[in-house]
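Let us take a walk through this protein together, one stop at a time. Have the sequence and the 3D view open as you read.

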Amino acid sequence: MTKSFTTEEANTVYHQPVMLRESLEGLAIKPDGIYVDTTFGGGGHSKAILTHLTTGKLFAFDQDEDAAAIAASINHPAFTFIQANARFLQRFLAFHQVQQIDGLLADLGVSSHQIDTATRGFSTRLGGPLDMRMDQSSSLTASQIVNTYTGEQLMHILRTYGELRAAPAIAKALLAARDNQPITTTQALKDIVLPFAPPRQHAKFLAQVFQALRIEVNDELGALQAWLEQSKQLLKPGGRLVVISYHSLEDKPVKRFIKTGNFEGDLQKDLYGNPLQPLVPIANKVIVPSEEELAANPRARSAKLRIGERTSWCE
Ligand SMILES: C[S@@+](CC[C@H](N)C(=O)[O-])C[C@H]1O[C@@H](n2cnc3c(N)ncnc32)[C@H](O)[C@@H]1O
């Protein structure tokens with residue numbers, strides 16, 4: 001059943017938008033422009049963008065049905081919500097007769113609502129099913145991963161997405177545990193992996209294990225690359241790309257893409273040595289939350305914001 005939220009719940013509990021002022025400045029919103037928010041969440045950024053539009057339009061994506069319930073409460077003529085993975089950005093925008101946009105915002109990762117809802121299985125603190133799907137209709141859960149992936153696959157995920165040194169030992173322990181009984185809850189997972197946590201670093205270690213599984217469940221890095229690639233064709237010259245990321249596995253591809261237009265960070269040059277860049281970075285340095293914001297919202301602590309501007313160069 002689709003959930004519904006009161007306006008107050010939506011504003012206070014669901015998610016506190018991170019670097020709101022900086023994101024809006026980065027988008028350099030034109031009142032008649034066409035904008036996309038690929039990660040609607042509780043709609044904090046989207047609602048603020050809408051206040052700057054007159055004849056413009058905002059298309060917001062989120063794959064989560066709880067986010068869709070929040071979006072349903074926004075009654076604004078410029079607003080269209082699309083409950084889908086942003087990896088299909090171009091396809092859905094084409095459906096709405098949109099070929100070119102003036103700006104795109106992404107605030108990556110999970111919302112506070114998703115983390116704080118025990119039944120979603122994202123929380124390292126709250127007990128819940130081992131789920132971690134942002135899109136509740138998708139078939140792959142974290143439980144399926146830990147119970148069916150091979151030791152090699154588990155090791156790869158833990159090492160690559162969790163940056164865990166103990167990946168081989170943890171993978172082995174998961175295989176041994178699931179031989180006794182399927183691993184279906186976040187508590188069962190914690191009991192199996194915690195013996196491998198470095199002393200006094202349990203919270204960080206669990207965050208890394210959960211991050212690894214969450215990235216795999218939602219193919220977060222695959223989706224990120226897919227929509228970034230499409231943004232090149234969608235953004236008009238002068239259009240802005242604004243991305244907030246929360247860990248280096250997200251920030252690295254974003255940084256490279258904004259500098260070079262590819263994920264290898266390989267800057268192409270013409271015969272005369274002029275750079276062939278679809279985007280140029282706007283600020284030289286990465287933007288991070290202010291002290292005041294961090295004091296008010298500690299969950300913003302790892303956030304990094306990058307801004308790119310579309311050039312007129314086409315591949
Ligand atoms: C950090 S929250 C965004 C919060 C939002 N900016 C706000 O102020 O409320 C990230 C949201 O993006 C969604 N999401 C993440 N990756 C997505 C993707 N590839 N496609 C669609 N939604 C995605 C998640 O479901 C989550 O609701």
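What follows is a guided tour of a helix and its neighbours, some pairs of charges, two loops and a patch on the surface.

Please keep in mind that this is a predicted model. A good place to begin is helix H2, which spans residues 20–27. Its buried residues are Glu22, Ser23, Leu24, Gly26 and Leu27. These buried residues pack against several other elements: strand S1, helix H3 (44–50), strand S4, strand S5 (235–245) and strand S7.

Just after H2 comes alanine 28, with a positive phi near 45°. Alanine 28 sits in the loop that runs from H2 to strand S1 (34–37). Is alanine 28 buried or exposed? The answer falls in between: its relative accessibility is 40%, and because buried means under 20% and exposed means over 50%, alanine 28 counts as partly exposed. Leaving aside residues up to four places away in sequence, alanine 28 touches Tyr35 and Arg240. Glutamate 229 is 201 residues from alanine 28 along the chain, and the C-alpha atoms of the two are separated by 21 Å.

Let us turn to charges. Side chains of opposite charge can pair when their charged atoms come close. The structure holds 14 salt bridges, and H2 is a handy place to meet one of them. Arginine 21 forms a salt bridge with glutamate 22, with 3.4 Å between the closest N and O atoms. Glutamate 22 has a relative accessible area of 12%, so it is buried. A network of salt bridges links Arg21, Glu22 and Glu25.

Another pair reaches across the sequence. The side chains of aspartate 66 and arginine 120 meet in a salt bridge, at 3.4 Å from N to O. Aspartate 66 belongs to helix H4 (residues 65–71), while arginine 120 is in the loop between helix H6 (112–116) and helix H7 (142–148), so this pair ties together parts that are 54 residues apart in sequence. Both partners are buried: aspartate 66 has a relative accessible area of 3%, and arginine 120 has one of 7%.

Now go back to glutamate 229. Which residue meets the side chain of glutamate 229 in a salt bridge? The partner is lysine 232, at 3.0 Å from N to O. Both residues lie in helix H12 (residues 220–234), three residues apart, which is about one turn of the helix. Lysine 232 is buried, with a relative accessible area of 5%, whereas glutamate 229 is partly exposed at 32% relative accessibility.

Two loops deserve a stop as well. Glutamine 97 is not a glycine, yet its phi is positive, about 60°. You can find glutamine 97 in the loop between helix H5 (89–95) and strand S4 (101–107), where it is exposed at 67% relative accessibility. Arginine 200 also is not a glycine and has a positive phi of about 60°. Its place is the loop between helix H10 (186–193) and helix H11 (202–218), and with a relative accessible area of 83% arginine 200 is exposed.

The tour ends on the surface. There, Lys252, Lys255, Arg256, Lys259 and Lys304 gather in a patch of positive charge. Helix H13 (residues 248–260) gives the largest share of this patch, four residues. Lysine 304 belongs to strand S7 (residues 304–310), and lysine 304 is partly exposed, with a relative accessible area of 33%.

Conventions. Residues are numbered from 1 along each chain as its sequence is written. This is a predicted model: local features need pLDDT of at least 70, side-chain atom pairs count only at pLDDT 80 or more; totals for chains, interfaces and linings use all residues. Side-chain values use heavy atoms; hydrogens and water are left out. Patches are made of residues with over 30% relative accessible area and no salt bridge: like charges are joined within 9 Å, nonpolar side chains (Val, Leu, Ile, Met, Phe, Trp, Tyr) within 5 Å. Accessible areas come from the Shrake-Rupley method with a 1.4 Å probe; for residues, only the protein chains shown count as cover. A salt bridge is a side-chain nitrogen of Lys or Arg within 4 Å of a carboxyl oxygen of Asp or Glu. Lys and Arg count as positive and Asp and Glu as negative; His and the chain ends are not counted. The place of a charge is taken as NZ of Lys, CZ of Arg, CG of Asp or CD of Glu. Buried means under 20% relative accessible area, exposed over 50%, partly exposed in between (1.4 Å probe, protein chains only). Contact means heavy atoms within 4.5 Å.
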